[in-house]
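Here is a short briefing on strand pairing, ring contacts and burial. Keep the structure open while reading.

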Amino acid sequence: MAVKSKKHVIVTAADKNYFPLLHGLIASIRKNVVRSDVEIVVIDVGLAQQQLDELKELVTDIIKVGWDIKFSFTKDLPEYRKAFIVTPFLPKYLPGYDTIVWIDADAWVQTGEAVDDLIAAAESGKMVVIPELDVAYPSAVSRGKVRVFPSIPGLSGRVRRIGSWLRNGLAKRYNADVANRSLFMPVLNAGIFAAKASSECWEAWANAYRQAKIRKTSDLSDQFPLNYAVYSGMMSVYKLPATHNWICDLALPLWDPERQLFVTPNIPYRPIGIVHLLGESKNNTLAIKDINGLDAGVSLRFPPVI
């Protein structure tokens with residue numbers, strides 16, 4: 001009996017405002033991911049008709065999704081907010097694929113090996129994630145703070161409260177126990193991940209989202225439920241290095257003019273597999289240096305060299 005060949009998908013989501021970044025992501029996949037078993041699917045969360053017409057020639061499919069978790073304010077949410085909710089429910093919308101790889105529309109693939117690694121690691125049955133942790137990043141704890149309070153009657157010395165962006169976000173949506181457990185742990189970024197479509201981790205992530213206290217629009221986040229699911233012990237993850245999801249607003253990459261690649265800003269200048277344009281790096285106005293300290297004259301967006 002013939003063995004059924006495996007099929008994998010790279011999926012992302014975008015609205016009309018993200019279309020230039022989305023276009024760069026798709027172009028980078030088509031150029032750098034040369035394997036024939038990977039397809040591209042775009043989730044339309046507010047693209048214009050002209051943009052959709054252009055995409056039809058570039059991707060396998062363009063799909064719509066529903067509100068998989070509903071809140072009291074769902075009726076007032078713009079369409080693009082679905083991108084903050086749909087990720088734990090992707091197998092529902094992508095039948096027939098063995099492995100699902102999510103890449104945010106503000107990221108792009110520089111080396112096909114990064115996608116190969118995501119697909120290979122997903123064979124573990126775990127969710128494949130990339131912690132926001134690297135020697136070039138400013139700290140291991142995301143925006144960690146220590147606050148010192150005046151003496152309290154009956155207690156000697158001063159009271160110190162340690163917090164972080166992750167800890168505070170988890171405490172707001174869940175409970176202090178898991179939040180404190182995550183205090184000195186790295187943020188698990190939800191912008192790039194992969195898993196087998198049949199993995200149990202999807203349901204664990206979805207359940208974590210359902211348990212979150214979502215009171216207003218600004219509370220919507222798939223990243224806090226992902227971190228809660230992991231740090232509460234609901235699911236296990238397979239971690240890949242930061243080069244598979246390089247967060248440019250944590251550390252700008254350098255340009256290697258000989259290899260024509262973005263690399264990590266520290267010797268031995270490792271090639272970056274996936275470039276993630278968060279924060280100010282989206283604006284495409286930052287001056288990038290090469291490994292010799294000179295102005296590189298390249299763009300952080302794809303293609304870097306025009």
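In which sense do β2 and strand β3 pair, and over how many bridges? They pair in the parallel sense, over 3 bridges. The model is predicted. Strand β2 also pairs with strand β1, and the structure holds 11 aromatic pairs.

**Strand β2 and its partners**

- Strand β2 covers residues 38-44, and 6 of its 7 residues are buried, so the rest of the structure largely encloses it.
- On one pairing, strand β1 (residues 8-14) runs parallel to β2 over 7 bridges.
- A13 has I43 of β2 as its bridge partner.
- On the other pairing, strand β3 spans residues 61-63.
- I43 has I63 of β3 as its bridge partner.
- I43 thus appears in both pairings, as partner of A13 and of I63.

**Crossovers**

- β1, helix α1 (residues 19-32) and β2 form a β-α-β unit, and it is right-handed.
- β2, helix α2 (residues 49-55) and β3 form a β-α-β unit that is right-handed too.
- β2 therefore takes part in both units, closing the one with β1 and opening the one with β3.

**Aromatic pairs**

- The total is 11 aromatic pairs.
- One of them joins W108 and F302: the rings are tilted, 5.2 Å centre to centre, with 50° between the planes.
- This pair links distant parts of the chain, 194 residues apart.
- W108 belongs to strand β5 (residues 107-109), while F302 lies in the segment after β14 (274-276).
- W108 is buried, at a relative accessible area of 3%.
- F302 is buried as well, at 18%, because the cut-off for buried is under 20%.
- F193 and W205 have ring centres 5.0 Å apart and planes at 80°, so this pair is edge-to-face.
- F193 sits in strand β9 (residues 188-196) and W205 in helix α7 (residues 201-211), 12 residues apart.
- Both F193 and W205 are buried.
- Ring pairs also tie F193 and W205 into a cluster with W102 and W202.

**Charges over rings**

- Which ring does the charged end of K7 sit over? That ring belongs to Y97, and the charged end is 5.0 Å from its centre.
- The charged end of R81 sits over the ring of F84, 5.0 Å from the ring centre.

Notes
Residues numbered from 1 in each chain as written. Predicted model: local features only at pLDDT ≥ 70, side-chain atom pairs only at ≥ 80, totals over all residues. Heavy atoms only, no water. Phe/Tyr/Trp six-rings, centres within 6.5 Å; stacked < 30°, edge-to-face > 60°. Helix = DSSP H or I, 4+ residues; strand = E, 2+ residues; numbered from the N terminus. Buried < 20%, exposed > 50% of the residue type's maximum accessible area, 1.4 Å probe, protein only. Lys NZ or Arg CZ within 6 Å of the ring centre and 35° of its normal. Pairing = 2+ DSSP bridges. Right-handed = clockwise from strand over helix to strand, strands pointing away.
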